[in-house]
Amino acid sequence: MIPSGPGPQGHRLRPWHLLPTPTGTPFTFFYAVVLAFTSYVTAHADTALVRVLHENSSTDVTHLLSAPVPVLAASALWVAGGIASPFVLGFLLVLTALERRVGGVRAAGVFLLGHVLATLATEIPVGLAVLVGHLPDSSLHRLDYGISFGVAASVGALAGLLTPWLRRALLAVFGGLLLQDLLALTDPLSNWGHLMALAIGVGTWPWVRRRSAAEATGTSG
């Protein structure tokens, strides 16, 4: 069973460990710096320029067909909704906690896995629906960018490292919020993507648990 009290080095968790630091959680910290910069650009740059940047970073079907790797990377540099988005707080707290338990490489892997797979799982059906005439051609240029899929996958992965009651509580609360958003029908495609990303994170439990156990015992995994 994964220890739930002390951290990997046997030290008790301190309050400031909840937020990223450049030495303790470098992936989360420097990624957060990038997101802070792009959020500043979104808030203060010319509206037309921001629109162009977002459109060029969008993981819509057209961009995925022409330049899948660059656009998947670019789309993860922005926060949909800006710095006030609840996913910003989720990113800071969840990615920090995950990275402290499994290291930067695995935390980044979980985040990217959720971001990429959930994006493809939502955009490929759009392309197929346009191909058979169920959606208009304009759907191929649907604006889609942000970190939310990666954060949702990270929540799912982190849940697997918690004690059973904390795990159930986290999945129930976060999953309930995602279902509520889905039922509201504000953006069904993204809402389905969030649920799929959460499931992808849950699917990484064997991988992240091996690393967490190795960190707890002081071995490499």
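1. Helices here are DSSP runs of H or I with at least four residues, numbered from the N terminus. The model is predicted. With helices counted in this way, the chain has 10 helices and zero strands, and its pattern along the sequence reads α-α-α-α-α-α-α-α-α-α. The protein chain holds 221 residues, and 43% of them are buried.

2. The helix α8 is a useful place to begin. It runs over residues 164-184. With 21 residues, α8 reaches 30 Å from its first C-alpha to its last, close to the 30 Å expected at 1.5 Å a residue. Just after α8 comes L185, which takes a positive phi of about 60°.

3. The next point concerns the two sides of α8. Its buried residues are R167, F174, G175, L178 and L182. These lie on the same side of α8, because the arc they cover around the axis is only 100°. On the other side of α8, the exposed residues are W165, R168, A172, V173, Q180 and L183.

4. Helix α4, residues 68-75, can be read in the same manner. V71, L72, A74 and S75 are buried there. Their arc around the axis is only 165°, so they sit on the same side of α4. V69 and P70, on the other side of α4, are exposed.

5. Which residues have the most contacts inside the largest nonpolar core? They are Y31, F91, L98, F111, I147, V151 and F174, in a core of 34 residues. At least two residues of this core come from each of α1 (26-44), α5 (86-102), α6, α7, α8 and α9. The largest share is that of α5, with eight residues. F174 of α8 thus appears in two lists: the buried residues of that helix and the core residues with the most contacts.

6. Nonpolar side chains also gather on the surface. L113, L117, L120, I124, L128, L131 and V132 make a nonpolar surface patch of about 640 Å². V132 belongs to the loop between α6 (104-131) and α7 (148-159). A residue counts as exposed when its relative accessible area is over 50%, and V132 meets this because its relative accessibility is 54%.

7. The charged pairs come next. Side chains of opposite charge can pair when their charged atoms come close. A search of the whole structure finds four salt bridges. One of them joins E55 to R51, with the closest N and O atoms 2.8 Å apart. These two residues are four apart in helix α2 (residues 47-56), so about one helical turn separates them. E55 is partly exposed at 33% relative accessible area; R51 is likewise partly exposed, at 45%.

8. R142 takes part in two pairs. In the salt bridge with D144, the closest N and O atoms are 3.5 Å apart. D144 is buried, with 9% relative accessible area. In the salt bridge between R142 and D187, the N to O distance is 3.3 Å. This second pair links distant parts of the chain, 45 residues apart: R142 is in the loop between α6 and α7, and D187 is in the loop between α8 and α9 (188-203). D187 is partly exposed, at 30% relative accessible area. Through shared partners, salt bridges join E123, R142, D144 and D187 into one network.

9. Where in the chain is S58 placed? It is in the loop between α2 and α3 (61-66). Is S58 buried or exposed? S58 counts as buried, because its relative accessibility is 1% and the limit for buried is under 20%. The C-alpha atoms of S58 and Y145 are separated by 5.1 Å, although the two residues are 87 residues apart along the chain.

10. S190 is another serine to look at, this one in helix α9. With 12% relative accessibility, S190 counts as buried. From C-alpha to C-alpha, S190 and T119 are 8.7 Å apart in space, with their positions 71 residues apart in sequence.

Definitions and conventions:
Residues numbered from 1 in each chain as written. Predicted model: local features only at pLDDT ≥ 70, side-chain atom pairs only at ≥ 80, totals over all residues. Heavy atoms only, no water. Patch = residues over 30% accessible without salt bridge, like charges linked within 9 Å, V, L, I, M, F, W, Y side chains within 5 Å. Areas by Shrake-Rupley, 256 points an atom, 1.4 Å probe, with all protein chains shown as cover. Buried < 20%, exposed > 50% of the residue type's maximum accessible area, 1.4 Å probe, protein only. Expected span 1.5 Å × (residues − 1). Arc of directions from axis to C-beta. Core = buried A, V, L, I, M, F, W, Y, C linked by side-chain atoms within 4.5 Å.
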